[in-house]
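Biologist: I would like a close look at one part of this model, and then an account of how the rest of the chain is arranged around that part. Please keep to what can be read from the coordinates.

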Amino acid sequence: MQVLALLLISVIMCGCASYPSITLPYFSQKGFLVETNDTKSVLYISHKDESYNFSLFDSLGIPLSSKTLSAGKFHSQKFLHPHPLHDRIFIETLQMLEQNEHYKEFKIQSDTIKVRELESVY
């Protein structure tokens, strides 16, 4: 029972992590190709008011993560299993945009992550 309580507290604390404020030019939506080792997924970020909405999909279009970053905190939008790696990918992608870059490669633990901005069709 104590292990279950400890696990629950750690999950809650991970979900409450605060992230630095990022200043970006306004955009309505951007798409990114995310490669984690040999796995490809697509990330969409939309910006509304003071928040950023993140939707990550696998190569079959199945949602992996759907979150909103508002006031430095992530909030889940759907009943998807939380994955701390996704939060880090979202932050790294926003920092990439803040630095006006279109490609970024970084490591999280043993995973190599490559993020490439998709060209807008509009």
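Biologist: Which residues does serine 28 touch, not counting residues up to four places away in sequence?

Modeller: The model is predicted, so what follows describes computed values. Once residues up to four places away in sequence are set aside, serine 28 touches Ile45, Ser46 and His47. Serine 28 itself belongs to the loop between helix H1 (2-15) and S1. Its C-alpha atom is separated by 5.3 Å from that of histidine 47, although the two residues are 19 apart along the chain.

To place that contact, the overall layout helps. The protein chain has two helices and seven strands, and their order along the sequence is α-β-β-β-β-β-α-β-β. Of the 122 residues in the chain, 34% are buried. Among contacts between residues at least 6 apart in sequence, 36% join residues at least 24 apart.

Ile45, one of the residues touched by serine 28, is also among the residues with the most contacts inside the largest nonpolar core, together with Leu43, Phe54 and Ile113. That core has 21 residues. At least two of them come from each of strand S1 (29-36), strand S2 (39-48), strand S3 (51-58), helix H2 (84-98), strand S6 (103-108) and strand S7 (111-117). H2 gives the largest share, seven residues. As a general point, nonpolar side chains in soluble globular proteins tend to be buried together.

Leucine 43 shows how the elements meet within this core. Apart from neighbours within four places in sequence, leucine 43 is in contact with Lys30, Gly31, Phe32, Val34, Phe54, Ser55, Leu56, Phe90 and Thr93. Serine 41 is also in strand S2. With a relative accessible area of 6%, serine 41 is under the 20% limit and therefore counts as buried. The contacts of serine 41, with neighbours within four places again left out, are Phe32, Leu33, Val34, Leu56, Phe57, Asp58 and Leu64. Phe32, Val34 and Leu56 thus appear in the contact lists of both leucine 43 and serine 41.

Next is lysine 67, in strand S4 (residues 63-70). Lysine 67 is buried because its relative accessibility is 7%, under the 20% limit. Its side chain makes a polar contact of 2.8 Å with the side chain of aspartate 87. Beyond four places in sequence, the residues in contact with lysine 67 are Tyr52, Asn53, Phe54, Phe74, His75, Ser76, Gln77, Asp87 and Phe90. Phe54 and Phe90 in that list are also in contact with leucine 43.

Phenylalanine 74, another contact of lysine 67, is placed in strand S5 (residues 73-76). At 7% relative accessibility, phenylalanine 74 is buried too. Phenylalanine 74 and serine 51 are 23 residues apart in sequence, and their C-alpha atoms are 9.8 Å apart in space.

Lysine 67 also takes part in lining the largest cavity, along with Leu64, Ser65, Ser66, Ser76, Lys78, Leu80, His81 and Pro82. The count comes to one cavity of 30 Å³ or more, and the largest cavity holds about 40 Å³ of space. Strand S4 contributes the largest share of this lining, four residues. By type, the lining residues divide into three nonpolar, four polar and two charged. Leu64, in this lining, is also a contact of serine 41.

Two loops call for a remark on backbone geometry. Most residues other than glycine have a negative phi. Alanine 71, in the loop between S4 and S5, has a positive phi near 55 degrees. Alanine 71 is exposed, because its relative accessible area of 75% is over 50%. Glutamine 109 lies in the loop between S6 and S7, and its phi is also positive, at about 55 degrees. Glutamine 109 has a relative accessible area of 76% and so is exposed.

To return to the part you asked about: the loop between H1 and S1 holds serine 28, serine 28 touches Ile45, and Ile45 is among the residues with the most contacts inside the largest nonpolar core.

Methods. Residues numbered from 1 in each chain as written. Predicted model: local features only at pLDDT ≥ 70, side-chain atom pairs only at ≥ 80, totals over all residues. Heavy atoms only, no water. Core = buried A, V, L, I, M, F, W, Y, C linked by side-chain atoms within 4.5 Å. Buried < 20%, exposed > 50% of the residue type's maximum accessible area, 1.4 Å probe, protein only. Contact = heavy atoms within 4.5 Å. Polar contact = N/O pair within 3.5 Å; in protein donor to acceptor, adjacent residues only side chain to side chain. 1 Å grid on protein atoms, 1.4 Å probe; cavity = no way out; pocket = protein on both sides within 12 Å on 5 of 7 lines; lining within 4 Å. Points joined across faces, edges and corners; volume = space filled by probe spheres on them. Nonpolar A, V, L, I, M, F, W, Y, C, P; charged D, E, K, R; others polar.
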